[in-house]
Amino acid sequence: MFDLEKKPSREEWHFDLELPEEWQIGLIVGPSGSGKTTIGNKLFSNSFKQFEWPHDQTVIDGFSKDLSVRQIASALSSVGFSSPPAWLRSFHVLSMGQQFRANIARALLEGEEIIAVDEFTSVVDRTVAQIGSAAISKAIRRGSKRFVAVACHYDIIDWLQPDWILHMPEGRLERRSLRRFPTIEIEVEPGSTAQWETFRRHHYLDHNIARSAKCFVATWQGRPVAFASVMSFPHPTRPGYREHRTVCLPDFQGVGIGNKLSELVASAYRARGKPYRSCTSHPAMMRYRAKSKLWKMTRKPSRVKPIGPSSSMKVLKRTNSRTRFTASFEFVGPTNHKVAKLWGLI
């Protein structure tokens with residue numbers, strides 16, 4: 001039909017390549033058919049690994065039995081997959097973005113010294129790809145392993161922050177110095193409990209919300225990405241406010257949006273002159289706040305002690321947990337009178 005010779009087609013690439021001696025993240029990028037996978041397999045043939053996930057077990061059960069739940073939870077959170085309810089689902093019912101991050105987390109724990117991933121971010125939305133790349137970059141640089149991404153998209157470069165980029169098909173090696181991640185500007189406005197419906201199934205504990213809660217919604221590029229709510233906190237000597245629900249949607253986890261939203265809300269409520277407290281059992285949030293200068297730990301991770309028989313404490317007694325570890329914090333960062341006025345808090 002096309003007047004072609006009846007013999008196999010062949011394509012070759014010839015170039016000299018010398019990678020930097022010290023690096024942690026590399027990127028092989030180029031259009032489809034440019035030889036990315038071929039050169040990737042030539043350079044890192046033993047580093048591409050396909051994981052098998054059980055159909056009838058949870059994501060956590062798919063990891064090596066030699067790993068503790070704490071190690072698995074830490075790895076999943078580090079790559080931006082911080083939704084414990086989703087950890088208890090089968091891998092095969094997760095979204096493509098969640099599967100992508102679960103595979104990276106497993107590679108961090110079970111992979112070799114060099115981890116290579118073909119078709120990196122190809123199956124996810126481009127916004128999700130950028131956020132995911134930033135989360136994975138941070139996770140890799142906290143450890144000692146090396147990571148190589150093979151991708152056809154150039155929009156992840158500034159988010160992944162690779163130490164070197166191999167441009168195909170020309171075989172041009174570009175060495176890069178680390179730069180600041182692109183700025184993520186979120187808009188936060190007062191919301192309503194009705195908006196909780198978008199976020200409720202992603203909360204790591206309770207899917208319900210108190211009708212009296214004051215709500216706030218964060219958007220990025222017009223898309224809702226995170227939710228926070230606040231309630232009054234009764235106390236015999238220091239009454240104030242407490243964080244009620246804070247959720248970041250899975251596609252936007254791993255770059256600190258949830259923490260920034262939480263701190264913005266806390267700083268605005270501090271303008272009322274009363275303490276702002278939070279109790280959490282999420283390991284990533286506890287770890288972040290324990291290191292932050294904006295929060296003071298008022299109770300180390302532990303199980304809540306039983307409340308006495310006083311009838312006036314029955315409601316609180318029903319809401320406290322006896323079976324999980326939680327930690328309590330008080331926000332000690334600066335007050336934000338400007339935002340408090342904007343939101344009508346003062």
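User: In helix α7, how many residues are buried?

Analyst: In this predicted model, α7 is mostly covered, with 11 of its 14 residues buried. The buried set includes Ile257, Gly258 and Asn259. Leu261, Ser262 and Glu263 also belong to the buried set, as do Val265, Ala266, Ser267, Ala268 and Tyr269.

User: Which general rule helps in reading the direction of residues along a helix?

Analyst: An α-helix has 3.6 residues a turn, so residues three or four places apart point the same way. In the case of α7, Leu261 and Val265 are both among the buried residues.

User: What span should helix α7 have, and what is the distance between its end C-alpha atoms?

Analyst: The helix covers residues 257-270, and at 1.5 Å a residue its 14 residues should span 20 Å. The end C-alpha atoms of α7 are 20 Å apart, so the expected span and the model agree.

User: Let us turn to the backbone. What is the general expectation for phi and for peptide bonds?

Analyst: Most residues other than glycine have a negative phi, and most peptide bonds are trans. Here, Glu119 has a phi near 55 degrees, a positive value in a residue other than glycine. Thr121 likewise has a positive phi, near 65 degrees. Glu119 is placed in the loop between β2 (114-117) and α5 (126-141), and Thr121 is found in the loop between β2 and α5.

User: Is Thr121 buried or exposed, and how does Glu119 count?

Analyst: Thr121 has 1% relative accessibility and therefore counts as buried. Glu119 has 47% relative accessibility, so Glu119 counts as partly exposed.

User: Which peptide bond is cis, and what is its omega?

Analyst: The bond from Met168 to Pro169 is cis, with omega near 10 degrees. Pro169 sits in the loop between β4 (164-167) and β5 (172-175).

User: How should one describe the surroundings of a single residue, and where is Ser278?

Analyst: One may give its place, then its burial, then its partners. Ser278 is in strand β10, residues 276-280. It counts as buried because its relative accessibility is 4%.

User: Which side chains make polar contacts with that of Ser278?

Analyst: The side chain of Ser278 is joined to that of Glu243 by a polar contact of 2.5 Å. A polar contact of 2.6 Å links the side chains of Ser278 and Arg289. Leaving aside neighbours within four places in sequence, the residues in contact with Ser278 are Glu243, Arg289, Trp295, Ala327, Ser328 and Phe329.

User: What does the same approach give for Ser192?

Analyst: Ser192 lies in the loop between β6 (187-190) and β7 (214-220). At 33% relative accessibility, Ser192 counts as partly exposed. Not counting residues up to four places away in sequence, Ser192 touches Cys215 and Phe227. Between the C-alpha atoms of Ser192 and Pro301, which are 109 residues apart along the chain, the separation is 31 Å.

User: Finally, how many helices and strands does the protein have, and what percentage of its residues is buried?

Analyst: The secondary structure comprises 10 helices and 12 strands. Of the 346 residues, 47% are buried. The C-alpha atoms fill a box of roughly 90 × 45 × 45 Å along the principal axes. Of the contacts between residues at least 6 apart in sequence, 70% join residues at least 24 apart. As for charge, there are 51 positive and 32 negative side chains, and the centres of these two sets lie 17 Å apart.

Terms used. Residues are numbered from 1 along each chain as its sequence is written. This is a predicted model: local features need pLDDT of at least 70, side-chain atom pairs count only at pLDDT 80 or more; totals for chains, interfaces and linings use all residues. Side-chain values use heavy atoms; hydrogens and water are left out. Helices (H or I, at least four residues) and strands (E, at least two) are DSSP runs, numbered from the N terminus. Buried means under 20% relative accessible area, exposed over 50%, partly exposed in between (1.4 Å probe, protein chains only). Contact means heavy atoms within 4.5 Å. Lys and Arg count as positive and Asp and Glu as negative; His and the chain ends are not counted. The place of a charge is taken as NZ of Lys, CZ of Arg, CG of Asp or CD of Glu. The expected span of a helix is 1.5 Å times one less than its number of residues. A polar contact is a pair of N or O atoms within 3.5 Å; within protein, one must be able to donate a hydrogen and the other to accept it, and residues adjacent in sequence count only if both atoms are side-chain atoms.
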